[in-house]
Structures are given as C-alpha cells and as structure tokens.
Amino acid sequence: MYVGQVLKDLLKLPRPLSPPVVKLEMRVDAEYGLPSTHAMAATAIAFTLLLSATSRIQFQFEVGLMVAVVLSSLVCLSRLYTGMHSLLDVLCGVWLSAGLMLLTYPYWEAFDRFQLTSPLSPPVLVALPLFLSYNYPQLDHYSPTRADTTTILGVAAGCSVGYWTNAQLGVTFEPPHGALPVALPPLTAGALAAGLARYLVGAAVLLATRWAVRAASLRALFAWYSVEPGDAPSAARRREIEVPSKFLTYSVVGLVNAVLVNRLFLLLGIL
C-alpha cells in the first residue's frame, strides 16, 4: 500500500475524466490515479492468503485459486464501475502487487520469525512505518493519500507489536507440531452465530478504541500547537498533527485487535 500510494503522488497521473465516466466516490477524487491501490490490496490480500494457507489448512487449491481470482477481480472491476480508475490504473496495480509478492515470497517465513521472536521486532516495526509516514511525499494541494497511508501503516505496526506480544506471553493459538495442515471445521449454524458475535463485539471494541484515542490525541496535539477551536478542521490536516494522530490512533486499534479482542472472545466463550 505504501508503494502504491507513493507512486500515485510521484507519477501524478490523473483519474479518468468526468464526463465520460460517472464518478461515484468523490472523497478520494483529489488523489491521483495510477496505480489503483484497491487493485493492489485486493490482489495482495487474496493471493498471499491463498499461498500462505496451503501449509496450514486442508483445502482444494483449485477452489482457493478460483475464490482468490473472483474476489480480487470483483474489487478491480468495481474501480472501473465507480469511475475512479482506468483499465491501465487497475492493471498496473495488479502487476505491481504480483511483482512485490514474487520478490518477497522467499522471505515470508523469515519475516514471520523475525516479527514473532526477535527483540528488535517492536522498535523496528513501529519506527520504520512512523518514519515512512512522516517522510511521505508533499503535494501542492491536500490529498487523503498521506492520511490513508498513515492509517494503514499504523494498523500494521500495532498488529505487529500485538503478534510479538502474544508470542512472548505464550498465548498464540499454534497447533501441536505435526498437526498442520488442519482440516477446515464444518460450517454450522453455531459457527455462523459465533462468527457474527465475534464481528459485532470486535467492531464495537475497535470503534470505541478509535474514537477515544483519536479524540485524546487530537486534543493533546491541538493544545501543543496552540490551535484555536475554529481552526481545528484545517489544522488536523497539517503533517505535524495528522501523522502522529493517525498513527497513534490506528496503532492502538491494531494492538487492541491483536491482543485484547481475542482475550475478550475467550472470556465470552465465542472463540
């Protein structure tokens, strides 16, 4: 996502003209077009999950491949339908993700070990995303790309620290040696109800966390930089306020998601 967002603001290629397209998502219209980061994310999420799951879960690879292709294609086609990207934007996004996956695939296991076991993991996986957020390319107009990128990097940093914390506490849910790949559990009414309960509880906890940390961080930053109440909306877009506020808010959301939410599920008996 960082690579895609930065490329947008370095290449500065416009989104499709309207007309002839009808734009259905105006919030991100100020962003540049190429590459489509939705296409990049859809490709990366679907296919990294597919490739990673083969060693851990028993399933028919052809079925998994079909699901990955369908889901990523639906996201890519939606970017054309909403008028936010050209076909070139989408194809470049797909191929960029494919290239990044090809380059990094041999190191996934090594990165996983570092993330979960190294004492350097928390400082590196917080400091590096924060550094990248602060050094995001400056534009001559405001665009939500920096805020969105900082949000994504913040969640990644918080989750990474959470995964490392779980591993140090010995509360990871790792099957015994030799038990992998495990069979998929049956999809019953009880399993669906438990999944819905986890979704509702998790979403409520994370939304409350986001609201509380965002409000507290903005209040502290506005006080530090002596921002008047009437100037708050425009001040929130300044780099020295936007980056730390977004990063802190979403890193805490990621940390709560990785550590506390699962403990809550266990307490409620829905995991």
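Helix 10 has a kink of about 40°, and its centre is N257. Keep in mind that this is a predicted model. The helix covers residues 239–268, which is 30 residues. From the first C-alpha to the last, helix 10 reaches 41 Å, close to the 44 Å expected at 1.5 Å a residue. After the helix comes G269, and the phi of G269 is positive, near 70°.

Next, a residue in another helix. S217 sits in helix 8, residues 189–224. Is S217 buried or exposed? The relative accessibility of S217 is 7%, so S217 counts as buried. Leaving aside residues up to four places away in sequence, S217 touches S245, L248 and T249. With S245 there is also a polar contact, side chain to side chain, at 3.2 Å.

Now the cysteines. How many disulfides does a search of the whole structure find? The search gives 0. As a reminder, a disulfide is a covalent bond joining the sulfur atoms of two cysteines. Take C92 as a case. Why is there no bond from C92? The closest cysteine sulfur belongs to C76, and the sulfur of C92 is 12 Å from that atom, which is too far for a bond. The cut-off here is 2.5 Å between the sulfur atoms.

On accessibility, C92 counts as partly exposed because its relative accessibility is 25%. C159, by contrast, has a relative accessible area of 11%, so C159 is buried. The threshold for buried is under 20%.

Definitions and conventions: Residues are numbered from 1 along each chain as its sequence is written. This is a predicted model: local features need pLDDT of at least 70, side-chain atom pairs count only at pLDDT 80 or more; totals for chains, interfaces and linings use all residues. Side-chain values use heavy atoms; hydrogens and water are left out. Helices (H or I, at least four residues) and strands (E, at least two) are DSSP runs, numbered from the N terminus. The expected span of a helix is 1.5 Å times one less than its number of residues. The bend at a residue is the angle between axes fitted to the seven residues ending there and the seven starting there. Buried means under 20% relative accessible area, exposed over 50%, partly exposed in between (1.4 Å probe, protein chains only). A polar contact is a pair of N or O atoms within 3.5 Å; within protein, one must be able to donate a hydrogen and the other to accept it, and residues adjacent in sequence count only if both atoms are side-chain atoms. Contact means heavy atoms within 4.5 Å.
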